[in-house]
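Got the viewer open? Keep the selection tool handy and turn things as you go.

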Amino acid sequence: MYLFILFLCITGTGIVFGDESKTVDEVEEFDKILRDENGLVVLFTQSCCACTDCVEAEVLVGGLSKELEDSLGLLVVRLKDPILKARYGIKKVPALAYIRNNKTALYDGKFELETLYSWLQDNRQPSTVDLDDSSFEHLTQAASGATTGDWLVMFHDGTCCKNREMIKLENAGIKLRNKVNVASVNTHLAPETAERFNVNTCPHIILFRHQKMYRFSLPDITTKTLRTFAESFYKNSKAESVPIPPSSFDKFLDKTIQFCNDHWHSLIIILAATTVCTALFMICATIKPPTHTKSD
């Protein structure tokens, strides 16, 4: 089925089932492929023959499709639906998206055979790392010396960031490869980490460098601004000391305090009942029963 869809996409005839009069919903069909495939090369174009550059890109990517599937395990599809273009922030066609492990990168080079193939091969692994409470300090070593290098981290709650922001972060990671590590943190999955760094806006971007942290201060989140901030513009932000991760005792104490704050009504009732029971027990213990003397 996928090979059939692939053939129809590359030849520009549109996605259809057996009955040619019945057009398939391109968005629905693409979402199905997206769920089943780990690696996708998506070419965004206009309708057939409406754009010379699009036709040339289709010929190039179509010629690569067999090799990409055999050597890199990638499925190639062609899309022209405006809804899907908007989802990935595509404003100009032809455009190519590389989707692997639910991470999307947009190709910004020329549509030339060697250049495109090298880019796909070099970026088989996503540049963005997903971190949570258990992995953040272990991988970043933000407070212990940062021997793993600098880290540009985007905090989000899973809804405040649109797909386009995550794509820009992934693209920035490609540009910063071998210079700055790039990661994302879902604050719902990492509440302790979000609290540790006082993350109160969404998205919230921080650069961790040499046991210092710098908060992103540029007005727009783009691939260019993320890269500029990580490489040099961070110097214009206030340097903050990286908080030490809480110890096990600190976590236990925080949970205890939080429990007391959440259940203080119940705790007062239990304390009052305990006090009354203790007082009654002490009163009963002090009252001696009358002594009985034996008669002669």
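Below is a walk through the chain, stop by stop.

**Before you start**

This is a predicted model, in which local features need pLDDT of at least 70 and side-chain atom pairs count only at pLDDT 80 or more, while totals for chains, interfaces and linings use all residues. Residues are numbered from 1 along each chain as its sequence is written, and side-chain values use heavy atoms, with hydrogens and water left out.

**Stop 1: the whole chain**

Show everything as a cartoon. You'll find 11 helices and 10 strands; these are DSSP runs numbered from the N terminus, with helices being H or I of at least four residues and strands E of at least two. Of the 296 residues in the chain, 41% are buried, where buried means under 20% relative accessible area, exposed over 50%, and partly exposed in between (1.4 Å probe, protein chains only). Switch to a surface and you're looking at about 17700 Å² of exposed area, 56% of it from carbon and sulfur atoms; such areas come from the Shrake-Rupley method with a 1.4 Å probe, and for residues only the protein chains shown count as cover. Contacts here are heavy atoms within 4.5 Å. Among the chain's contacts with a separation of 6 or more, 71% are between residues 24 or more positions apart.

**Stop 2: the sheet of 4 strands**

Select residues 39-44, 75-79, 95-100 and 103-106. They make up an open sheet in the order 2-1-3-4, with mixed pairing; two strands pair if DSSP finds at least two bridges between them. Which strands stand at the edges? Strand 2 and strand 4 do, each with a single partner strand, so one side of each has no neighbour in the sheet. On average, neighbouring strands here are turned by 20° against each other, direction ignored.

Now zoom in on strand 1 and strand 3, which pair in the antiparallel sense over 6 bridges. Pick Leu40, and you'll see Ile99 of strand 3 standing opposite. Add residues 113-122 to bring in helix 5, which lies across strand 1, strand 3 and strand 4 and runs at about 25° to strand 3. Axes are lines fitted to C-alpha atoms, for helices over the stretch in contact, and angles run from 0 to 180 degrees between N-to-C directions.

**Stop 3: Ser127**

Move on to the loop between helix 5 and strand 5, where Ser127 is found. Is Ser127 buried or exposed? Ser127 is buried, with a relative accessible area of 12%. Its side chain reaches the backbone nitrogen of Ile174 at 3.5 Å. Leaving aside neighbours within four places in sequence, the contacts of Ser127 include Arg100, Glu170 and Val182.

**Stop 4: the sheet of 6 strands**

Next comes an open sheet with the order 5-7-6-8-9-10 and mixed pairing. Strand 5 and strand 10 (240-241) are at its edges, each with a single partner strand, so one side of each is left without a neighbour in the sheet.

- Strand 6 (residues 151-156) and strand 7 run parallel, joined by 6 bridges; Phe155 stands opposite Val185 in strand 7.
- Strand 8 (residues 204-209) runs antiparallel to strand 9, with 4 bridges; Leu207 faces Tyr214 in strand 9 as its opposite number.
- In the hairpin of strand 8 and strand 9, with 2 residues between the strands, His210 takes a positive phi near 50°.
- Strand 9 and strand 10 pair in the antiparallel sense over 2 bridges, and Lys212 has Ser241 as its bridge partner in strand 10.

Add helix 7, which lies across strand 5, strand 6 and strand 7 at about 155° to strand 7.

**Stop 5: Val180**

Select Val180, in the loop between helix 7 (163-175) and strand 7 (181-186). Val180 counts as buried, at 9% relative accessibility. Not counting residues up to four places away in sequence, Val180 touches Asp150, Trp151, Leu152, Leu207 and Ala230. Try a distance label from Val180 to Leu207: the two are 27 residues apart along the chain, and their C-alpha atoms are separated by 9.3 Å.

**Stop 6: the rings**

Finally, show Phe, Tyr and Trp as sticks. Rings (for Trp, the six-membered one) pair if their centres lie within 6.5 Å; planes under 30 degrees apart count as stacked, over 60 as edge-to-face and the rest as tilted. By this rule there are 12 aromatic pairs. The rings of Phe216 and Phe229 have centres 5.1 Å apart and planes at 70°, so this pair is edge-to-face. Both Phe216 and Phe229 are buried. To finish, select Tyr98, Tyr107, Phe111 and Trp119, which form one aromatic cluster.

Conventions
A polar contact is a pair of N or O atoms within 3.5 Å; within protein, one must be able to donate a hydrogen and the other to accept it, and residues adjacent in sequence count only if both atoms are side-chain atoms.
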